[in-house]
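Grab your viewer and work through these short exercises. Try each task yourself before you read its solution.

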Amino acid sequence: MTAITRYAGLWLALLALGLSGDAFAHGVAEADKAFIQNNPGVNIVPYLYLGAKHMVTGYDHLLFLFGVIFFLYRMKDVAKYVSLFAVGHSVTLLAGVLFNIHANSYIVDAIIGFSVVYKALDNLGAFPTLFGFQPNQKIAVLVFGFFHGFGLATKLQDLIVSRDGLLANLVSFNIGVEAGQLMALSVILILMTLWRRTPNFARSVVVANTVLMCAGIILVGYQLAGFATERTI
């Protein structure tokens with residue numbers, strides 16, 4: 001067994017978590033923020049870059065995608081679920097910014113964290129066992145995609161100071177998000193394929209999804225703590 005295969009699961013976890021300081025802040029780098037605010041009008045290439053960067057470093061999006069594809073072995077199924085997720089976050093990203101729909105970013109991000117918890121529980125078969133029913137997995141991915149897109153919208157709303165060229169910039173950002181998602185997903189799928197070929201995969205299903213669930217709970221707690229702190233200031 002090669003070193004790559006042996007540690008594919010660990011690398012997947014590190015990739016998905018992305019718990020560096022910048023990533024955990026889930027914001028936009030100060031240089032990117034300054035550029036957006038100092039350069040109103042159409043900026044297609046910078047927004048393409050920002051969209052891709054946000055998805056590649058978006059630990060919550062990657063954790064959810066990791067959970068979604070965990071038991072998907074056929075590319076047709078991967079494409080179907082990822083497309084539902086893409087449709088969901090594209091709709092709310094565009095609508096949220098274009099129509100200036102505001103929501104508390106901490107609450108939205110807490111729901112995004114809960115989506116990670118949900119997917120881990122789903123992978124563990126918890127819903128039929130504990131609650132006696134199985135949620136529709138495709139509808140759940142679409143609905144949580146709406147929240148993930150709204151989370152992206154709240155970030156952009158904090159940055160955009162001019163609506164000049166807004167539609168072109170938004171479309172560029174969304175295309176960048178999809179490109180970033182495709183890049184991240186490609187890496188995750190390669191590592192997942194290597195991991196699945198090892199005897200460790202079957203033995204690690206419960207552990208991996210328990211870790212995924214704990215990561216989601218931490219994300220929810222982190223965002224709710226931020227919301228509580230904001231309310232007391």
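**Exercise 1. Place Asn-100 and sort it by exposure.**

Start with the exposure class. Asn-100 has 42% relative accessibility, so it counts as partly exposed; with a 1.4 Å probe and protein chains only, buried is under 20%, exposed over 50%, and partly exposed in between. Next, find its place: Asn-100 sits in the loop between H7 and H8, where helices are DSSP runs of H or I with at least four residues, strands are E runs of at least two, and numbering goes from the N terminus. Last, check the backbone: phi of Asn-100 is near 55°, a positive value in a residue other than glycine.

Some housekeeping: residues are numbered from 1 along each chain as its sequence is written. The model is predicted, with local features needing pLDDT of at least 70 and side-chain atom pairs counting only at pLDDT 80 or more, while totals for chains, interfaces and linings use all residues, and side-chain values use heavy atoms, leaving out hydrogens and water.

**Exercise 2. Describe the protein chain as a whole.**

Count elements to begin with: the protein chain has 12 helices and 0 strands. Then take burial: 47% of its 233 residues count as buried. For contacts (heavy atoms within 4.5 Å), look at pairs at least 6 apart in sequence: 86% of them join residues at least 24 apart.

**Exercise 3. Check the length of H5 and find what covers it.**

Helix H5 holds 13 residues, 44–56, and at 1.5 Å a residue it should span 18 Å. The rule multiplies 1.5 Å by one less than the number of residues. The end C-alpha atoms of H5 are 18 Å apart, which agrees. Now list the buried residues of H5: Tyr-47, Leu-50, Gly-51, Ala-52, His-54 and Met-55. Their cover includes helices H4, H6, H7, H10 and H11.

**Exercise 4. Work out how H4 packs on H5.**

You need two numbers here: packed helices are described by the angle between their axes and the distance between the axes. For H4 and H5 the angle is about 145° and the axes are 12 Å apart; the axes are lines fitted to C-alpha atoms over the stretch in contact, with angles from 0 to 180 degrees between N-to-C directions. Then pick out the residues: Asp-32, Phe-35 and Ile-36 in H4 meet Pro-46, Tyr-47, Tyr-49, Leu-50 and Lys-53 in H5. Sorted by type, this contact has 6 nonpolar, no polar and 2 charged residues.

Zoom in on Phe-35, which is partly exposed at 33% relative accessibility. Beyond four places in sequence, Phe-35 touches Asn-43 and Pro-46. Asn-43 lies in the loop between H4 and H5 and is buried, with a relative accessible area of 14%. Outside its neighbours within four places, Asn-43 contacts Phe-35 and Asn-169.

**Exercise 5. Which residues have the most contacts inside the largest nonpolar core?**

Set the rule first: a nonpolar core is a set of buried Ala, Val, Leu, Ile, Met, Phe, Trp, Tyr and Cys residues joined through side-chain atoms within 4.5 Å. The largest one has 35 residues, and Ile-69, Phe-70 and Met-192 have the most contacts inside it. H6, H7, H8, H10, H11 and H12 each supply at least two residues of this core. A second, separate core of 18 residues includes Met-55, Phe-150, Ile-160 and Phe-173. Back in the largest core, take Phe-70: its contacts beyond four places in sequence include Met-192, Trp-195 and Phe-201.

Definitions and conventions:
Nonpolar A, V, L, I, M, F, W, Y, C, P; charged D, E, K, R; others polar.
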